[in-house]
Each structure stands twice: as structure tokens, then as C-alpha cells.
Amino acid sequence: MIKAMLKAGKSLDNSETVSDYALSVSRPASRVNWGIPVPGDPSQTIYVWLDALANYHIPQPATPAHHIIGKDIIKFHAIYWPAFLMAAGRPMPQQIVCHSHWTSDNMKMSKSIGNVVDPFRLMKNYGSDEVRYYLLKQASLAKDSDFLLDHMIQTLNKDLPDQIGNLLSRSIKKNKINPEGRRVTSGDWLSVTLEEEWRDIVHKFDGFMLDQYEFGKAIRTVMSGIENLNYIWAEEKPWTKPQDPRTKSLVFSTHEILEIVSILFEPFLPTKALELGEGLNDPSSWYGFRRLKRIES
């Protein structure tokens with residue numbers, strides 16, 4: 001969108017053409033007396049954004065810069081800063097990632113309204129892993145995300161104890177379908193389709209994470225596979241046929257998938273993902289993940 005507007009000669013707010021847009025790098029000292037004086041001209045102070053953005057500059061960056069900014073300051077980072085760099089003959093940022101904002105009950109957060117969400121209180125009440133996971137799952141680059149406490153609780157309950165926790169509990173507990181109560185480390189996937197599905201999930205996950213910065217889409221891609229695996233358990237009913245070869249294949253496939261999830265979800269659930277991986281390889285420690293109980297409203 002920005003490229004198209006600049007090509008058409010329009011400014012970002014459509015108020016004027018680019019050719020009419022002039023950027024002064026100083027301000028009258030009589031108006032901005034707290035700024036840094038312009039060398040040789042005490043009547044002027046350096047424009048605050050030139051001063052602020054210049055602090056990003058390092059003599060010779062080892063790798064091209066990637067900027068992650070909020071949508072309210074895109075003009076300064078996507079137009080002013082590149083202009084300053086070009087004027088100085090310095091390398092341009094390789095990528096600028098612009099994210100949207102969070103609202104509360106579909107309103108901008110404001111102290112006067114009293115709808116500001118305190119992340120520290122959330123983490124104290126619900127856990128840092130849980131809050132991190134929810135915020136990253138719901139956040140979007142393209143549009144503002146709305147925070148609702150009830151929705152956070154519903155999402156956490158559905159995804160973690162009800163979906164992932166359910167698979168771990170069913171597959172690792174000592175019972176008829178897993179007599180030794182430990183991870184099944186050898187066997188065949190339940191089906192080629194299931195194995196290919198998870199290869200595709202990992203591929204899509206990498207794309208969302210590394211190329212698009214769409215963390216929510218990455219999480220939802222994994223959770224769609226987890227939901228499908230729970231559906232397979234409900235359809236297969238392995239507890240009714242513990243000696244069936246398909247049952248062993250289902251347990252083996254589930255353990256392979258849960259290990260994949262423990263690796264992929266480490267950025268979102270650093271503590272719980274570790275507990276999930278430990279629970280797979282040491283059944284006596286899987287209760288660490290099990291402690292992720294359902295949250296009451």
C-alpha cells in the first residue's frame with residue numbers, strides 16, 4: 001500500500017503530494033528550547049525525530065537492520081529514517097515490520113476511560129506462559145486486536161489442557177493402550193496422510209514465523225493439527241482395541257507430534273513447552289505440564 005501511494009505521488013494521509021512535502025530538520029529554538037542546538041545557528045534546534053532516529057545508527061552493521069514498529073510511528077520509520085540514511089549514504093533497513101495495536105472491549109485503551117489492561121496483573125493471575133501465548137496468538141499485523149479476559153480464558157482452556165494436555169494424558173499414562181506408561185519411540189505413523197500433514201504444518205509454521213512475522217497464524221496452524229489429532233483419537237477409540245497394531249501406531253504418532261509441538265511452541269510457552277518435552281521422555285515428570293489446569297472465570 002505504501003509503495004503504491006508513493007508511486008502515485010501521494011503522502012500517507014492523502015493530504016498532499018510527495019513533491020509538496022518538505023521535511024525540515026530543525027525547529028526554531030524559541031518554540032523548542034529543550035532541543036539540541038544546531039551547530040553554528042543557536043536560533044535553531046535539531047528536529048527531535050532526526051535526533052531520536054539517529055540514535056539507531058551504528059558505524060557498520062554486521063547484518064541488515066530489521067525494524068519492528070507500531071503503526072502510529074510508521075511515517076517516521078518508513079519515510080523519515082530512510083531519507084536520513086540516504087542523505088548520509090548509509091545502508092537502508094532490509095525490512096520494516098509494522099504491527100497494529102491492542103484495544104480493550106473494542107475501545108482504545110485509556111486511563112481516563114479506565115479500560116487499560118495491566119499485563120503484570122494478568123501474568124500474576126494466569127501465568128506468564130499463558131498470557132504470552134494468548135497475546136501472540138491473537139495479535140495481528142494487519143488490524144487491531146481486541147482484548148477480552150473471558151476470551152483469553154476460553155482460548156487457554158481449549159488449547160492447552162483440553163487439546164494438548166488431553167493428548168499427553170491419553171497417550172503417556174500407564175493403561176491398556178500404553179502398558180509401560182512411557183513414550184513409544186519406535187513404530188509406524190498411523191497413516192501417510194497424518195505424517196504428511198505434520199510435515200506441511202512445520203513448513204507453514206516456518207513461513208509464518210520467519211518470513212511473515214505472523215505468530216498468530218503460526219500458532220493456529222499447529223493447533224489445527226492438534227485438533228485433528230484429537231478427532232482421530234475420538235474416531236479410532238483405541239481404548240476399545242488396545243492390541244490392535246493401529247493403536248500402537250496412533251500412540252507412536254501422537255508422541256512424535258507432541259515432541260514437534262514442544263519444539264515449535266517454545267517461543268510461546270517457554271516453560272510449558274519444556275515440561276511437555278520432559279513429560280514425553282520422562283513420564284514421571286509429565287505432571288509438570290498436567291498442572292496446567294483449566295482456568296476458572
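**Helix packing, salt bridge and sheets**

Helices α6 and α8 are oblique to each other, a class for angles that are not under 35 degrees (roughly parallel), over 145 (roughly antiparallel) or 65 to 115 (roughly perpendicular). The model is predicted, with local features needing pLDDT of at least 70 and side-chain atom pairs pLDDT 80 or more, while totals for chains, interfaces and linings use all residues. Residues are numbered from 1 along each chain as its sequence is written, and side-chain values use heavy atoms, leaving out hydrogens and water.

**Exercise 1.** Describe how α6 packs on α8.

Step 1. Locate the helices: α6 covers residues 149-172 and α8 residues 215-236 (DSSP runs numbered from the N terminus; helices are H or I with at least four residues, strands E with at least two).

Step 2. Their angle is about 45° and their axes lie 10 Å apart (axes are lines fitted to C-alpha atoms over the stretch in contact; angles run from 0 to 180 degrees between N-to-C directions).

Step 3. The crossing of α6 and α8 is left-handed (the near helix is turned anticlockwise from the far one by less than a right angle).

Step 4. On the α6 side the contact residues include Lys158, Ile164, Leu167 and Arg170; on the α8 side they include Met223, Ile226, Leu229 and Trp233 (heavy atoms within 4.5 Å).

Step 5. Sorted by type, the contact has 7 nonpolar, 4 polar and 4 charged residues (nonpolar: Ala, Val, Leu, Ile, Met, Phe, Trp, Tyr, Cys, Pro; charged: Asp, Glu, Lys, Arg; polar: the others, including Gly).

**Exercise 2.** Find the salt-bridge partner of Asp159 and place both residues.

Step 1. The structure has 11 salt bridges (a side-chain nitrogen of Lys or Arg within 4 Å of a carboxyl oxygen of Asp or Glu).

Step 2. In one of them Asp159 meets Lys137, at 2.6 Å from N to O.

Step 3. Asp159 belongs to α6 and Lys137 to α5 (residues 128-138); the two are 22 residues apart, and the pair links distant parts of the chain. Asp159 is also among the α6 residues that contact α8.

**Exercise 3.** Give the strand order and pairing of two open sheets, each of 3 strands.

Step 1. One sheet runs β1-β3-β2 with antiparallel pairing (strands pair if DSSP finds at least two bridges between them). Its edges are β1 (26-28) and β2 (37-38), each paired on one side only.

Step 2. β1 and β3 (residues 41-46) are joined by 3 bridges, and Pro28 lies opposite Gln44 of β3.

Step 3. Another sheet runs β7-β6-β8 with mixed pairing. Its edges are β7 (107-108) and β8 (145-147).

Step 4. Strand β6 (residues 102-104) runs antiparallel to β7, with 2 bridges between them; Thr103 is the bridge partner of Lys108 in β7.
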